[in-house]
Amino acid sequence: MAGIKVTGWGIAVPEKVVTNDDLTATLDTNDAWIVERTGIRERRVGGTTSGLAIEAGQKALDKAGLTPADIDMVVLATTTPDAMVPGTATTVQNALGINGGAFDVNAACSGFVYGLVTAAGLAAVGARRILLIGSDTLTRITDWDDRSIAVLVGDGAGAAVIETVEGESDLLSWNLNADGSLKHLLYCEHGGFLVMDGKEIFRKAVRVVVESAEKAMADAGLGVDDISLFVPHQANLRIIQAACQRLGISEEKSAIVIDRYGNTSSASIPLALVDAIDNGRVKPGDTLLLSGFGGGMTWASAVLRWGG
Ligand code: UT7
């Protein structure tokens, strides 16, 4: 069966920076609380899910040295599609000039890992090159008068070109999980705003991230010392720190961008990964542990060898 490797990557974030201090103009909050309780200092706000996805996707194609004609399939992980119908992936496909299939994956903040595994499945049945994008504009479904959510979210996108390889896959292991009985913990009705039981999500998130990360490492036949970089979903710095502590991974081995971008849902893992790559923290042969969790609840981990 064909395996996969990542050959291109890119991100896009809106230009507009909103700092914690900016939020205090309209919300009963303060920089000290937000930094201490979440690790967030600022976030990017603006754009559309398709617009950010197109920009990130084009950068990933350029990095891979490919043209749109080389891509068979667009897989867009998003929980904030431009519209109910059509899927936002088709807008991205058309704008980039790709002649292939295109569909959205909605697994909330686990979406990028779900998308990665979906891409590997498509490769296994014959797709040659897949453009995987995580793009979200959570600020569009946020009540800006609700301080329990408004301080947390940001907009952005991250993309990866996934190519088929003969022989061993760079995707060493994966696990995807869901528990729909927990949907009341984080949801957004049609036309409404995000509603979250932050405390309960926090508690569950640490447990499920640790469980699924440990399972993914075991399935790859690896121990925690074999992991070069932990790339977690960026929802709260304290969740990342607690997960690191329980997994036995030092914080220095983690990719953290929540301070700059807040929670960008499906985009947060690729934003963190590309930041680590750009800062020279990822070398060929490195072993990456990706782990996401979010509304559903869903949670997902994957171990990815970095081919470079
Ligand atoms: O993407 C995946 C889904 N999302 C998550 O993973 C989020 C998980 N949860 C969290 O990150 C945290 O639970 C939050 C950041 C949402 C909240 O942090 P917390 O430490 O659980 O705070 P809390 O809700 O227990 O609130 C503590 C206090 C409360 O005041 P009292 O009752 O102690 O007087 C809140 O009213 O902080 C108050 N508070 C705020 N104060 C200033 C809540 N939000 C704010 C705010 N600014 N924005």
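These legends walk through one overview and several close-ups of a predicted protein model.

Because the model is predicted, local features need pLDDT of at least 70 and side-chain atom pairs count only at pLDDT 80 or more, while totals for chains, interfaces and linings use all residues. Residues are numbered from 1 along each chain as its sequence is written, and side-chain values use heavy atoms, with hydrogens and water left out.

**Figure 1. The whole chain, with 10 helices and 13 strands.** Helices (H or I, at least four residues) and strands (E, at least two) are DSSP runs, numbered from the N terminus. The radius of gyration is 18 Å, close to the 19 Å that the globule rule gives for 308 residues, so the chain is as compact as a globular protein of that length. That radius is taken over C-alpha atoms, and the rule is 2.2 Å times the number of residues to the power 0.38. Along the principal axes, the C-alpha atoms fill a box of roughly 55 × 45 × 40 Å. Buried residues make up 56% of the 308; here buried means under 20% relative accessible area, exposed over 50%, and partly exposed in between (1.4 Å probe, protein chains only). Take the contacts (heavy atoms within 4.5 Å) between residues at least 6 apart in sequence: 77% of them join residues at least 24 apart.

**Figure 2. The surface and charges of the protein chain.** About 12,400 Å² is exposed, and carbon and sulfur atoms supply 50% of that. Accessible areas come from the Shrake-Rupley method with a 1.4 Å probe; for residues, only the protein chains shown count as cover. On the charge side, there are 25 positive and 37 negative side chains, and the centres of the two sets lie 3 Å apart. Lys and Arg count as positive and Asp and Glu as negative, leaving out His and the chain ends. Each charge is placed at NZ of Lys, CZ of Arg, CG of Asp or CD of Glu.

**Figure 3. Cis peptide bonds at V85-P86 and G296-M297.** V85 and P86 are joined by a cis peptide bond with omega about 0°. Look for P86 in the loop between strand 4 (73-77) and helix 4 (88-96). The bond from G296 to M297 is cis too, with omega near -10°. M297 sits in the loop between strand 12 (287-294) and strand 13 (298-305).

**Figure 4. Positive phi at A108 and S265.** A108 isn't a glycine, yet its phi is positive, at about 50°. This residue is in the loop between strand 5 (101-105) and helix 5 (111-124), and at 10% relative accessibility A108 counts as buried. S265, also not a glycine, has a positive phi of about 55°. S265 belongs to the loop between helix 9 (258-261) and helix 10 (268-278) and is buried, with a relative accessible area of 1%.

**Figure 5. Helix 7 from end to end, residues 198-219.** Its 22 residues reach 31 Å from first C-alpha to last, close to the 32 Å expected at 1.5 Å a residue. The expected span is 1.5 Å times one less than the number of residues. Buried residues of helix 7 include I201, V206, V209, V210, A213 and M217. Just after the helix, G221 takes a positive phi of about 70°.

**Figure 6. E214 and D219, two acidic side chains of helix 7.** E214 is partly exposed, at 40% relative accessibility. Not counting residues up to four places away in sequence, E214 touches R246 and L247. E214 and S301 are 87 residues apart in sequence and 8.9 Å apart in space, C-alpha to C-alpha. D219 is also partly exposed, at 46%, and touches S173 and W174, again not counting residues up to four places away. D219 and A302 are 83 residues apart in sequence, with their C-alpha atoms 9.8 Å apart.

**Figure 7. A243 in helix 8 (residues 237-247).** At 2% relative accessibility, A243 counts as buried. Leaving aside its neighbours within four places in sequence, A243 is in contact with V206, V209 and V210, and those three residues are among the buried ones of helix 7. A243 and E189 are 54 residues apart in sequence and 30 Å apart in space, C-alpha to C-alpha.

**Figure 8. D275 in helix 10.** D275 counts as buried, at 17% relative accessibility. Setting aside neighbours within four places in sequence, D275 is in contact with V257 and R260.
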